[in-house]
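Hi,

Here is the structure I said I would pass on. Have a look at it first, and then read my notes below.

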There are 2 protein chains.
Amino acid sequence: MTLSEIIPVWSDLDRQTQDALLSSAQERRVDKGTILHNGAAECTGLILVEDGQLRAYALSPDGREITLYRLLDRDICLFSASCMLRGVHFDLTIAAEQDTRFWLIPAEVFQRAMTQSIALSQYTNQLMAERLSDVMWLLEKVLWQSFDRRLAEFLLEESSLAGSDELSITHEVIARHLGTAREVVTRMLKYFKGEGVITLTRGTIRILDRERLEALTEE
Amino acid sequence: MTLSEIIPVWSDLDRQTQDALLSSAQERRVDKGTILHNGAAECTGLILVEDGQLRAYALSPDGREITLYRLLDRDICLFSASCMLRGVHFDLTIAAEQDTRFWLIPAEVFQRAMTQSIALSQYTNQLMAERLSDVMWLLEKVLWQSFDRRLAEFLLEESSLAGSDELSITHEVIARHLGTAREVVTRMLKYFKGEGVITLTRGTIRILDRERLEALTEE
């Protein structure tokens with residue numbers, strides 16, 4: 001997949017800007033599990049996903065995690081290049097959840113391109129607004145939603161990403177996605193199991209009653 | 001205070017853009033307690049604070065609140081003009097916490113100005129990144145910090161805004177700022193009182209031991 005297929009405002013960029021982006025972009029391939037970017041100290045560059053799945057998450061001082069958002073095909077990650085963005089004062093980590101191919105554009109090249117193209121600067125505004133919306137949505141979930149609802153939403157989302165009713169995931173990993181303790185996850189999963197919504201076997205969760213799970217997310 | 005004193009990139013704008021902003025901006029004055037903006041459905045316009053104090057907060061479906069950030073002198077609120085920003089999918093409410101004077105620029109005028117000036121578009125990027133940083137900071141507090149620390153930080157911040165050790169604020173209002181229940185606030189305030197950190201009288205909290213409170217925020 002070329003840059004022109006990933007950047008929606010590509011045709012609005014002048015030839016010089018297009019050339020600068022094309023000549024500096026490097027295609028990379030990482031295995032599932034690789035950490036691509038780790039905190040604001042690194043200036044990894046702009047990541048444009050061709051195919052695969054990345055997870056952006058925040059880390060607490062004592063090592064707890066919460067998933068902020070996912071990046072799928074054609075998604076663009078600004079914050080791996082946050083060194084180029086004034087006003088960004090937070091750290092995030094980006095890891096590959098699946099084998100992933102992506103383009104990497106050096107931060108300074110993208111920064112220069114933004115100062116040459118209003119379309120690109122406006123598009124960056126939109127990307128930023130979308131990430132802010134993701135984080136607001138997460139904040140409101142953490143604050144106002146009951147945990148059974150958050151867990152039900154998480155299981156449905158994972159099932160949709162995996163394209164399967166069977167999820168290979170540990171309670172520990174779910175806890176890290178949701179920013180909570182493993183015990184809290186285990187307790188709620190056992191409750192779901194008791195209600196006949198899921199079955200639990202070692203390292204695997206199978207969704208039995210999708211309708212009940214969906215009903216939980218609408219309460 | 002003029003627009004040129006509030007917008008840091010003013011001198012980078014061309015004459016036509018400056019004139020468009022100047023001729024459309026309206027100066028407003030609101031009393032403490034006024035709600036200036038209420039959710040994404042309204043397109044209030046860009047708010048540029050001359051002096052006073054505004055509070056931006058999110059509302060839960062059942063009426064709970066959490067303070068997202070404050071706007072003080074020279075601060076600019078983008079999200080009261082979120083109708084002009086692609087990618088914004090959340091609602092917030094903005095209320096005056098003090099009598100406030102501000103400039104209001106219609107969303108469509110600012111939007112047009114952004115398409116004419118890279119400097120303004122870049123500055124909007126920076127404002128957005130700063131708000132995103134505020135919300136990330138809040139999310140991490142809500143997730144990882146103990147409530148005694150959040151309450152201690154809140155009391156110190158309010159004391160700094162008020163310029164006084166005596167705060168006229170109810171437990172109910174603190175609960176709304178922090179996105180929690182009144183009972184949780186009352187319990188922790190009583191604990192602080194028992195420890196000799198504050199005194200409590202009807203509708204008033206007085207900070208007795210600022211050092212202890214500051215130590216709590218550093219734990």
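**Helix α6 of chain B and what surrounds it**

Right after α6(B) comes B:G179, which has a positive phi, near 70 degrees. Keep in mind throughout that this is a predicted model.

The helix itself spans residues 171–178 of chain B, and its buried residues are B:I174, B:A175, B:H177 and B:L178. Those four sit on the same side of α6(B), because the arc they cover around the axis is only 160 degrees. So what lies over them? The cover for the buried residues of α6(B) includes strands β4 (54–59), β5 (65–71) and β11 (204–207), along with helices α5 (147–162) and α7 (182–194), all from chain B.

**How the two chains are related**

Chain A superposes on chain B by a rotation of 180 degrees with 0.0 Å of shift along the axis, at an RMSD of 0.0 Å. That is what a two-fold axis does. Both copies use the same surface, too: 100% of the contact residues of chain A recur in chain B.

**The interface**

On each side the numbers match up: 40 residues from chain A and 40 residues from chain B take part in the contact. Between them the two chains bury about 3500 Å², and 70% of that is on carbon and sulfur atoms. If you want to start with particular residues, try A:I118, A:L132 and A:W144, which supply 20% of the area that chain A buries against chain B, more than any other three residues. As for salt bridges, the rule finds 0 across the interface of chain A and chain B.

One residue to click on is A:S121, which is in helix α4 (residues 118–144) of chain A. Is A:S121 buried or exposed? Its relative accessible area is 0%, so A:S121 counts as buried. Beyond its neighbours within four places in sequence, A:S121 is in contact with A:M114 from its own chain, and with B:S121, B:Q122 and B:N125 from the other.

**The core**

The largest nonpolar core has 110 residues, and the ones touching the most other members are A:L21, A:F79, B:L21 and B:F79. I followed up B:F79. Setting aside neighbours within four places in sequence, B:F79 is in contact with B:H37, B:Y69, B:L85, B:V88, B:F90, B:L92, B:M128 and B:R131, and also with A:L132 from across the interface. That A:L132 is one of the three residues picked out above for the area that chain A buries against chain B.

Cheers

Definitions and conventions. Residues numbered from 1 in each chain as written. Chains lettered and ligands numbered in written order. Predicted model: local features only at pLDDT ≥ 70, side-chain atom pairs only at ≥ 80, totals over all residues. Heavy atoms only, no water. Least-squares fit on C-alpha atoms with pLDDT ≥ 70 in both. Contact = heavy atoms within 4.5 Å. Core = buried A, V, L, I, M, F, W, Y, C linked by side-chain atoms within 4.5 Å. Buried < 20%, exposed > 50% of the residue type's maximum accessible area, 1.4 Å probe, protein only. Helix = DSSP H or I, 4+ residues; strand = E, 2+ residues; numbered from the N terminus. Arc of directions from axis to C-beta. Buried area = accessible area lost by both parts, 1.4 Å probe. Salt bridge = Lys/Arg side-chain N within 4 Å of Asp/Glu carboxyl O.
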